[in-house]
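Morning, everyone. I have one structure to walk through today. Take a look at it first, then we'll go from one residue outward.

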Amino acid sequence: MQWFRHTLKDQTPYYVFLAVLFLVGVVFGALMVNALSLEQLQDLSRYLKDFFVTVNQNKQGFADSQAASTFWDSVSLHLKWVGLIWVCGLSVIGLPGILVLNFLKGVLIGFSVGYMVGQYSWKGLLFSLVSVAPHNLLVIPVLLVCSVAAMTFSIHMIKTKILATRPSDGMLRPLLSYAGLTAVMMVLLIGSASFETWVTPVMMQWVTPMLTASVTS
């Protein structure tokens with residue numbers, strides 16, 4: 001327990017920095033909506049209109065018709081993202097890549113929510129709360145944990161191999177700990193993908209009738 005507290009205390013600045021970087025990405029993504037051209041806005045509007053109509057018409061079948069494919073697509077996306085973070089943590093030059101990936105994650109979420117709110121007001125916010133927020137409540141902390149672990153391992157490599165401030169034989173244990181933590185986080189992401197596949201579509205069906213009425217009126 002004391003070791004955990006000490007580790008958490010040492011890593012707190014990393015968590016704060018990455019959380020702020022993620023939030024900056026969210027704000028940047030939301031502001032990007034204003035930079036879209038009229039043609040791009042119309043294309044997105046048509047796509048969402050068709051999507052809302054499809055969800056509303058299929059009802060319960062929407063959650064079951066392509067569930068397996070959607071699940072594995074979601075798992076693949078999450079694991080690739082964490083895999084990139086893990087690989088970046090294995091090299092010193094990959095350290096900036098960890099920061100970029102966290103920033104991009106914020107941009108994607110900020111853009112999605114910003115566009116929905118900008119186009120559909122409170123209905124768009126409600127749709128974002130049921131479609132974007134639930135699974136990301138787990139995904140985002142997992143990515144932060146993986147990113148902090150990657151940064152910690154990368155900085156440990158710098159101190160060990162480059163600055164030589166630590167014994168060079170102290171790499172195996174941190175590497176195993178780093179790999180084990182990442183593996184546990186991947187399991188959690190599979191659980192998040194399950195929620196995203198079988199629960200999120202049902203929640204979306206509660207909101208899409210209001211949005212369908214908005215886009216067809």
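**Val20, Asn102 and the whole chain**

Let's start with Val20: its relative accessibility is 46%, so it counts as partly exposed. The class between buried and exposed runs from 20% to 50%, which means Val20 falls inside it. One thing up front: this is a predicted model.

Where does Val20 sit? Val20 lies in helix H1, which covers residues 2-32. Which residues join Val20 in a nonpolar surface patch? Val16 and Val24 do, and the patch made by these valines comes to about 240 Å².

Now to Asn102. This residue belongs to helix H5, residues 95-131. Buried or exposed? Asn102 has a relative accessible area of 4%, so it is buried; the cut-off for that class is under 20%.

What does Asn102 touch? Set aside the neighbours within four places in sequence. Asn102 then contacts Leu18, Leu21 and Phe22. Asn102 also contacts Leu143, Leu144 and Ser147. Of these partners, Leu18, Leu21 and Phe22 have numbers within the 2-32 range of helix H1.

Next, the chain as a whole. How many helices and strands? The count is 8 helices and 0 strands. Read from the N terminus, the order is α-α-α-α-α-α-α-α.

On burial, 36% of the 217 residues count as buried. The exposed area of the protein chain is about 12,200 Å², with 70% of it supplied by carbon and sulfur atoms.

Last, contacts. Take those between residues at least 6 apart in sequence: 82% of them join residues at least 24 apart.

That's my part. Over to you.

Definitions and conventions: Residues numbered from 1 in each chain as written. Predicted model: local features only at pLDDT ≥ 70, side-chain atom pairs only at ≥ 80, totals over all residues. Heavy atoms only, no water. Patch = residues over 30% accessible without salt bridge, like charges linked within 9 Å, V, L, I, M, F, W, Y side chains within 5 Å. Areas by Shrake-Rupley, 256 points an atom, 1.4 Å probe, with all protein chains shown as cover. Salt bridge = Lys/Arg side-chain N within 4 Å of Asp/Glu carboxyl O. Helix = DSSP H or I, 4+ residues; strand = E, 2+ residues; numbered from the N terminus. Buried < 20%, exposed > 50% of the residue type's maximum accessible area, 1.4 Å probe, protein only. Contact = heavy atoms within 4.5 Å.
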